[in-house]
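Visitor: I would like to go through this model with you, one question at a time, and hear the reasoning behind each answer.

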Amino acid sequence: MGARVPAAVLRTAGGPLQVEEVVLPEPGPGQVRVRMAATGVCHSDLSLANGTMVQPLPAVLGHEGAGRVAAVGEGVAGLAPGDPVVLNWAPACRACWWCTHGEPWLCERANQAWQRPYAQLADGTEVYAGLGTGAFAAETVVGADACVPLPGDLPLVEAALLGCAVLTGVGAVRNAARVRPGESVVVIGLGGVGLSAVQGARLAGADPIIGVDPVEAKADLARRLGATHVVTPGPGLSRRVRELAGGRGADHAIECVGRPETIRAAWSATRRGGRTTVVGLGGTGDKVTFNALEVAHFARTLAGCLYGNADPAVDVPRLVDDYRAGRLELAALVTEQIPLAEAGAALGRLGTGARSVIVFPDP
Ligand code: APR
Ligand code: ZN
């Protein structure tokens with residue numbers, strides 16, 4: 001008999017999130033039970049909730065979480081009850097072709113935990129963990145490889161953001177785009193991911209750093225995190241970016257929305273020969289079009305990027321160093337702290353702030 005814990009459950013795509021009890025098994029071999037401290041509400045949770053992204057249901061959403069190890073299963077080394085950890089929603093197997101060729105973020109088994117039930121609802125129905133993590137719950141059970149250890153002095157509300165938004169946004173700039181000092185960067189979309197990309201651009205020494213978002217209230221925070229200019233999207237966007245970036249357009253555009261029009265806008269804001277990095281996740285029905293001349297003529301590189309092309313085992317410690325050295329802001333990304341019962345409402349508020357973070361009461 002495992003633990004009964006409150007969780008925000010999605011039963012049908014497009015349906016509400018309802019807080020109900022789930023029954024977690026004891027951690028099996030290689031597994032860990034984690035008591036959540038905090039979980040951020042990410043746009044991918046909204047995309048799963050509304051069916052833009054697909055995963056088996058019913059599911060406990062939430063994948064940007066930090067907490068403490070509550071119990072470990074057989075054969076788990078290096079983790080003990082009480083240890084602070086941040087969850088990795090795409091743990092690499094370290095054995096497949098991608099893992100053995102230096103691209104663990106593309107691991108072919110990274111989504112294994114999304115595909116099998118991990119717990120039960122009170123009525124015995126099997127339930128899945130959103131992106132394999134199920135972090136909109138007081139506790140979860142994950143593979144030990146989904147737990148990235150944290151130093152003991154890190155505030156866990158802020159640390160939760162290392163599990164998705166910050167790893168993804170900073171990683172897009174550092175690992176995927178590989179921005180160099182003095183290069184120009186435009187970041188399209190200033191949510192938790194985009195604001196992290198702005199910070200990544202500052203960390204990389206980029207200049208100028210142009211943030212783009214229709215919500216004007218984002219400008220102050222974006223500037224504080226490193227944007228040198230903040231503009232609103234619209235038909236004149238690529239001309240405006242050209243003006244700000246040497247008359248050429250940006251060396252790098254980082255797309256952090258996930259819609260056809262913003263992917264197009266990112267492409268058009270990139271200079272000839274520059275690089276467009278797409279971080280946003282759209283739906284399979286959304287089409288982006290390019291005319292047959294422009295691809296060669298502009299000679300831009302259009303690249304996708306998944307989970308910041310990061311290896312959390314390597315990149316999380318690096319981000320922790322940046323945070324401790326005062327180079328990386330985390331608290332500023334936490335717009336509000338909310339109880340689990342507000343998870344569904346927070347999905348509806350996505351886009352207005354940086355991050356809503358669910359905070360779990362101490363047991
Ligand atoms: N141009 C620029 N920004 C836009 C536009 C637009 N046309 N439309 C919306 N935005 C802005 C929103 O105002 C918001 O600030 O994009 C931002 C999206 O932020 P969030 O909803 O907080 O999303 P976030 O969690 O940051 O994720 C962004 O990355 O990982 C993926 O699935 C995720 O596709 C999503 C993207
Ligand atoms: Zn996310």
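The questions below take up a metal site, some helix contacts, a few single residues and some details of the backbone.

Visitor: Before we begin, what kind of model is this?
Guide: The coordinates do not come from an experiment on this page, and every value below is to be read with that in mind, since the model is predicted.

Visitor: Which protein residues are the donors of the zinc ion (ligand 2)?
Guide: Along the chain the donors follow the spacing C-x20-H-x100-C, so the search is for a histidine between two cysteines, and a donor has to lie within 2.8 Å of the metal. The atoms that qualify lie 2.0 to 2.3 Å from the zinc ion. They are SG of Cys42, NE2 of His63 and SG of Cys164.

Visitor: How many residues apart are His63 and Cys164, the pair that links distant parts of the chain?
Guide: His63 is in the loop between β4 (59-60) and β5 (64-72), whereas Cys164 is in the loop between α2 (156-159) and α3. Both His63 and Cys164 are buried. Along the chain, the two are separated by 101 residues.

Visitor: Is α3 parallel or oblique to α4?
Guide: Helix α3 spans residues 165-177 and helix α4 residues 192-203, and their axes lie 7 Å apart at an angle of about 45°. Because angles under 35 degrees count as roughly parallel and those from 65 to 115 as roughly perpendicular, this pair falls in neither class, and α3 is therefore oblique to α4.

Visitor: Is the crossing of α3 and α4 left-handed or right-handed, and how many residues of their contact are nonpolar?
Guide: The crossing of the two helices is right-handed. On the α3 side the contact includes Ala165, Val166 and Val173, and on the α4 side it includes Val193, Ala197 and Leu203. Beside five polar residues and one charged residue, the contact of α3 with α4 has nonpolar residues numbering eight.

Visitor: What is the orientation of α3 relative to α9?
Guide: The axes of α3 and helix α9, which covers residues 312-324, come within 11 Å and cross at roughly 95°. Since angles of 65 to 115 degrees form one class, α3 is roughly perpendicular to α9.

Visitor: How many charged residues does the contact of α3 with α9 have?
Guide: Among the residues of α3 that take part are Arg174 and Asn175, and they belong to a contact in which α9 supplies, among others, Asp315, Arg318 and Asp322. The contact divides into six nonpolar residues and one polar residue, with charged residues numbering four.

Visitor: Which residues of helix α7 are buried?
Guide: Helix α7 covers residues 260-269, and a residue counts as buried when its relative accessible area is under 20%. The elements that cover the buried residues of α7 include β11 (185-188), α6 (237-244), β14 (250-255), β15 (270-278), α8 (294-298) and β16 (301-304). The buried residues themselves are Pro260, Thr262, Ile263, Ala266, Trp267 and Ala269.

Visitor: Is Ala129 buried or exposed?
Guide: Ala129 is in strand β8, residues 126-129, and beyond its neighbours within four places in sequence it is in contact with Gln55, Val60, Trp114, Tyr118 and Gly134. Its relative accessibility is 1%, and because the limit for burial is 20%, Ala129 counts as buried.

Visitor: How does Gly236 count by its relative accessibility?
Guide: Gly236 lies in the loop between β13 (229-231) and α6. Its relative accessibility is 30%, so Gly236 counts as partly exposed.

Visitor: Which residue is joined to Pro208 by a cis peptide bond?
Guide: Pro208 has its place in the loop between α4 and β12 (209-212). The bond has an omega of about -5°, and another cis bond, between Leu57 and Pro58, also has an omega of about -5°. The residue joined to Pro208 is Asp207.

Visitor: What is phi of Arg94?
Guide: Arg94 is in the loop between β6 (84-87) and β7 (119-121), and it is partly exposed, with a relative accessible area of 47%. Its phi is positive although the residue is not glycine, with a value near 70°.

Conventions: Residues are numbered from 1 along each chain as its sequence is written. Chains are lettered from A and ligands numbered from 1 in the order in which they are written. This is a predicted model: local features need pLDDT of at least 70, side-chain atom pairs count only at pLDDT 80 or more; totals for chains, interfaces and linings use all residues. Side-chain values use heavy atoms; hydrogens and water are left out. Axes are lines fitted to C-alpha atoms, for helices over the stretch in contact, and angles run from 0 to 180 degrees between N-to-C directions. Helices (H or I, at least four residues) and strands (E, at least two) are DSSP runs, numbered from the N terminus. Angles under 35 degrees count as roughly parallel, over 145 as roughly antiparallel, 65 to 115 as roughly perpendicular and the rest as oblique. A crossing is left-handed if the near helix is turned anticlockwise from the far one by less than a right angle, and right-handed if clockwise. Contact means heavy atoms within 4.5 Å. Ala, Val, Leu, Ile, Met, Phe, Trp, Tyr, Cys and Pro count as nonpolar, Asp, Glu, Lys and Arg as charged, and the others, Gly among them, as polar. Donors are N, O and S atoms within 2.8 Å of the metal (3.2 Å for Na, K and Ca); water is not among the atoms, so sites may look incomplete. Buried means under 20% relative accessible area, exposed over 50%, partly exposed in between (1.4 Å probe, protein chains only).
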